[in-house]
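Thanks for making the time this morning. I would like to walk you through one model, beginning with a pair of helices and then turning to the DNA.

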Protein chains: 2
Amino acid sequence: MQLNRTKRRYDSGVQNEPSLPGGANAGAAPARGKRKGETRKATIGDVAAMARVSKSAVSFVFNGRGGVGEEARARILDAAAALNWKPDARARALSRSRAQALGYIVRREPELFSTDPFFPQFIAGVESTLSGEGYALVLQVVDSEETERAAYASFANEARVDGVFLGDLRIGDQRPAELSELGLPYVLVGPDAPSGAGPDPIGLDDAAGVRRAVRHLHALGHRRIAHVGGSDRYVHSAVRRRAWEDEMAELGLEPGPTVIADFTGAAGAKATHELLDLAAAPTAIIYANDLMAIAGMSAAIDRGLRVPADLSVVGFDDIPLAPYVVPPLTTVRQDVIQWGRASARVLISLVEGREPAPIELPPVEFIMRGSTGPVRAGA
Amino acid sequence: MQLNRTKRRYDSGVQNEPSLPGGANAGAAPARGKRKGETRKATIGDVAAMARVSKSAVSFVFNGRGGVGEEARARILDAAAALNWKPDARARALSRSRAQALGYIVRREPELFSTDPFFPQFIAGVESTLSGEGYALVLQVVDSEETERAAYASFANEARVDGVFLGDLRIGDQRPAELSELGLPYVLVGPDAPSGAGPDPIGLDDAAGVRRAVRHLHALGHRRIAHVGGSDRYVHSAVRRRAWEDEMAELGLEPGPTVIADFTGAAGAKATHELLDLAAAPTAIIYANDLMAIAGMSAAIDRGLRVPADLSVVGFDDIPLAPYVVPPLTTVRQDVIQWGRASARVLISLVEGREPAPIELPPVEFIMRGSTGPVRAGA
DNA sequence: TTCCACGAGTAAACCGGTTTTTGTTCGCGA
DNA sequence: TCGCGAACAAAAACCGGTTTACTCGTGGAA
């Protein structure tokens, strides 16, 4: 009768297979229950029946719990293999009160999302940890504060995920508080800033990279070193700008002019023109990402300047293109993949109630290429 | 007693809250069940009790089914709002036999994953459709054929997702057949190639873009037009190469030299050197993506050539940086976001057993910038 | 010899929803 | 007044696992 029930269900579920007239644009795999219900997808009950044991015995074996003899165990494993049975993730999630999934909500304008080298690398890193641990990654892209908030609420209320990665921290960000309120575990993914209250973020020491850049330019004789940063609403922008200011001060230099841009190429070009229009134009510019740096370089060349002879340029990220622009871009590289890995490890520990192992991330690297050089004699 | 049961469960579940000594690197939200179980997260039973109706009534209201009086309905909605109750996604998934999630498995080397402008845009497009429909996107990044196969099997057997996006189609790809076997619905995401058997893929007409590029160069007087493509194992690479060949033939030109590269900057540069080393070096090169094109341009400039005076260059993708390199890159742009949207719509229809609405995608655009110009007089 | 601990295994409750079945009321026509 | 279908609502089965409580032998210690 089990079969009967199921059959009925499917028969009414798939509403009489609309015949998809003439080349519908899609691959139609017959959703479930082919023709005669012949491949009904085995359940734990089927396995138990075939192995002549109870459901619990099967469950015990598949969860590494004792209490099952060697002989029965073998029968169970055979039966499961024969039926190609794997525990259904949905049923498992329900009974264990665990989704076995982690969430990542990204709020960003599509254009930026498609340039930023951070996301793909971070995700790749996260995945490399997750897949080994049996967790899935649920990604959501949102475009406004409302939808962002709704997305977190939905993750929490509907229990779709067991924890989330919190990136792109903003100054005075409410999300940590809201997540605690919702009871959803999280890790902060951000530069290693001295945080206020609350837990420390997992991140790399961006600031060290920027300071290296400033010292490098100083050593080349530059004194008027400008900075093109991102919006100060973001913690990582603020950290990079702060590092630039601090290092300039430490070298006894007046922090040069600074422009706030938005990480896009257009903004980088515009900012560069503004800086070069100044009476005391800078001889070097440090940008908050490579995209702005490359666009800035291009803008400078358009004005007839030579890079690096007339203007030195430093980026941030080391995108794969950085070595291939003319001149090759001097920049700061972070190992984002490791960063993602570490974040995932910590979040999993947290979700499972374990003590997170201490994390160790490689330091940021300063990559010297052709876009920086000695300051022009005249300057 | 309901409460009692639950409480017990949580008490033993959270193993006595390890006190996270000294600045653990993570945001610990007390997993569930704070202190006294005061915020136990409401269930449908609680809502029903508060509204003095049965669970079914609540379920009916939240699923838009009739059979509930106006008065009871109001009480139910009030109660749900008061308790901030949303149906638990896991329980829902189980009883409806629907995960309400779609999967996307990406096999790619990390480096490429981080450059390719396709993924972020595609995902952004997919999301913009999904979020409105209440579906989640489960992403998985794999690095080998084995892990890829395992990933699909896991998605299907564990019923983690209701359908998948199938991208990066390879020649003779087994995945469609395997997915049909597994009973998992899918859409093919790829260039609009004349497919063999099986369902048509959803995609843009890459070939048109490449043909436009060839004609453009021909009009500028170029006759030796080379092509740097991706591995022919990929359908999209093959389609682009084929378009180049066809158009050359149509214009009465011998298809120039062609090199197979792997979409990375390094490969683009290497391929370019090879082509320029030829006795009859090409006067123009069409690349299969912008990254290779820009790297190629850089390689040419390193050899003392001027772009476009000595060599014209065409890319593919129109990455955000394309307008900002020197000279700005002539390339082909696809509206990947729309593409993602359409794919998601079709997949959802498929999963829900509906007839997919016909899709309409914008044509690819040919973007003329500074990297192409009239052929050198001497050539 | 008796008792108990323990290993092996099972039945049933449970997770939190959805869906089917069953049961009342009530209004209305005959 | 009786009968019957519509409208509403409660009860129960079900989704496919996990987990708890309990049974049944068996061997070793007292």
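**Two helices and two DNA strands**

Let me start with the helix pair: α5(A) and α5(B) are oblique to each other, and please keep in mind throughout that this is a predicted model. Their axes come within 8 Å and cross at roughly 135°, and the crossing of α5(A) and α5(B) is left-handed. By class, the contact of α5(A) with α5(B) holds six nonpolar and two charged residues, with no polar ones. On the chain A side the residues are R90(A), A91(A), A93(A) and L94(A), and they meet R90(B), A91(B), A93(B) and L94(B) of α5(B).

Now to the DNA, where I will take strand D before strand C. Around DNA strand D there are 29 residues, and the closest are I44(A), S56(A), S59(A), S95(A) and S56(B). The elements giving two or more residues to that surface are α1, α3 and α5 of chain A, along with α3 and α5 of chain B. Sorted by class, the surface near DNA strand D has 11 nonpolar, 12 polar and six charged residues.

For DNA strand C, the surrounding residues number 30, of which S56(A), G69(A), I44(B), S59(B) and S95(B) come nearest. Here two or more residues come from each of α3, α4 and α5 of chain A and from each of α1, α3 and α5 of chain B. Which element gives the largest share of the surface near DNA strand C? That is α5(B), with five residues. By class, this surface near DNA strand C has 10 nonpolar, 13 polar and seven charged residues.

Definitions and conventions. Residues numbered from 1 in each chain as written. Chains lettered and ligands numbered in written order. Predicted model: local features only at pLDDT ≥ 70, side-chain atom pairs only at ≥ 80, totals over all residues. Near = placed C-beta within 6 Å. Helix = DSSP H or I, 4+ residues; strand = E, 2+ residues; numbered from the N terminus. Nonpolar A, V, L, I, M, F, W, Y, C, P; charged D, E, K, R; others polar. Axes fitted to C-alpha atoms, helices over the stretch in contact; angles between N-to-C directions. Parallel < 35°, antiparallel > 145°, perpendicular 65-115°, else oblique. Left-handed = near helix turned anticlockwise from the far one by under 90°. Contact = placed C-beta atoms within 7 Å.
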